Amino acid sequence: MLTIPNALTFLRFLGIPLFIYLALSKQADGWAILVLAIGGATDYFDGKLARALNQESKFGEIADPTIDRLYIAAVLVVLYIRDAIPLWLIAILVARDVVMAGVALVLQLKGFAPLKVTYLGKAATFNLLYAFPFLLLALSDTWYGTGAFVFGWAFAIWGVTLYVGTAVGYFRTAVKTITVRPHIIEG
């Protein structure tokens with residue numbers, strides 16, 4: 001379905017390889033950060049426009065969180081290669097996403113709809129997507145690089161905490177969905 005929100009989602013997807021190219025091949029951190037900022041803006045506006053224009057779609061429902069995960073993965077790889085983040089941070093985020101992918105698969109196999117993204121889930125992604133540009137900017141050996149380091153890690157700590165916390169909430173919801181709803185349907 002060709003809609004403005006879906007076009008924004010696709011545009012955000014195209015930003016992923018551009019970001020990787022700018023951050024690794026060119027080390028054009030300013031441009032790479034701009035791509036992340038545009039990606040963050042389109043993530044916000046695609047959902048707002050979809051609801052406002054009554055153009056919500058199955059594509060958007062699936063593509064939006066998938067592209068969020070791809071952005072996060074791409075940025076984590078770039079930041080790790082550039083020595084901006086430790087491996088343990090990546091391990092936590094990847095483990096959370098692997099568990100959530102398993103939960104989504106189980107729900108699908110049992111015939112249930114995917115879990116809806118919560119406000120806290122969006123807040124977690126928001127914090128991580130804010131942390132990453134700051135952590136990239138923190139690679140600069142300047143006064144603003146020092147400030148970016150502080151802000152980047154503040155957003156990263158909040159983002160990781162919310163990211164893991166929302167996974168617990170999603171997991172609980174999935175367990176309730178699988179174990180409680182069949183009994184309600186039968187009764």
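This tour proceeds through the structure by selection, from salt bridges to helix α3, the empty spaces and the surface.

The model is predicted, so local features need pLDDT of at least 70 and side-chain atom pairs count only at pLDDT 80 or more, while totals for chains, interfaces and linings use all residues. Residues are numbered from 1 along each chain as its sequence is written, and side-chain values use heavy atoms, with hydrogens and water left out.

**Stop 1: Arg12 and its partners**

Select Arg12, which is buried, with a relative accessible area of 2%; buried means under 20% relative accessible area, exposed over 50%, and partly exposed in between (1.4 Å probe, protein chains only). Add Asp64, whose salt bridge with Arg12 brings the closest N and O atoms to 2.4 Å apart; a salt bridge is a side-chain nitrogen of Lys or Arg within 4 Å of a carboxyl oxygen of Asp or Glu. Asp64 lies in helix α3 and Arg12 in helix α1, so this pair ties together parts that are 52 residues apart in sequence. Helices are DSSP runs (H or I, at least four residues), numbered from the N terminus. Asp64 is also buried, at 12% relative accessible area.

Next, add Asp43, which forms a salt bridge with Arg12 at 3.5 Å between the closest N and O atoms. Asp43 lies in helix α2 and Arg12 in helix α1, so the pair ties together parts that are 31 residues apart in sequence. With a relative accessible area of 10%, Asp43 is buried. Extend the selection to Asp46, Asp68 and Lys122, which are linked with Arg12, Asp43 and Asp64 in a network of salt bridges. The whole structure contains 11 salt bridges.

**Stop 2: Helix α3**

Select residues 58-81, the range of α3. This helix has 24 residues and reaches 35 Å from its first C-alpha to its last, close to the 34 Å expected at 1.5 Å a residue; the expected span is 1.5 Å times one less than the number of residues. Among its buried residues are Gly60, Ala63, Ile67, Tyr71 and Val75. Lys58 and Glu61 meet in a salt bridge (3.6 Å, N to O). Being three residues apart in α3, Lys58 and Glu61 are separated by about one helical turn. Lys58 is exposed, at 52% relative accessibility, whereas Glu61 is partly exposed, at 35%. Just after α3, Asp83 takes a positive phi of about 60°.

**Stop 3: Empty spaces**

Select Asp64, Pro65, Asp68, Val117 and Lys122. The largest pocket has a volume of about 1600 Å³. Of the 46 residues that line this pocket, the five just selected are the closest to its centre. The largest share of the lining, 11 residues, comes from α2. On a 1 Å grid over the protein atoms alone, a pocket is an open set of points with protein on both sides within 12 Å along at least five of seven lines, a cavity is a set where a 1.4 Å probe fits but cannot get out, and lining residues have an atom within 4 Å of a point. Grid points are joined across faces, edges and corners, and a volume is the space filled by probe spheres set on the points.

Then select Leu36, Gly39, Gly40, Tyr71 and Leu129, which line the largest cavity. Its volume is about 30 Å³.

**Stop 4: Exposed Trp31**

Finally, select Trp31 in helix α2. Trp31 counts as exposed, at 58% relative accessibility. Its C-alpha atom is separated by 8.1 Å from that of Phe19, 12 residues apart along the chain.

Technical notes:
Helix = DSSP H or I, 4+ residues; strand = E, 2+ residues; numbered from the N terminus.
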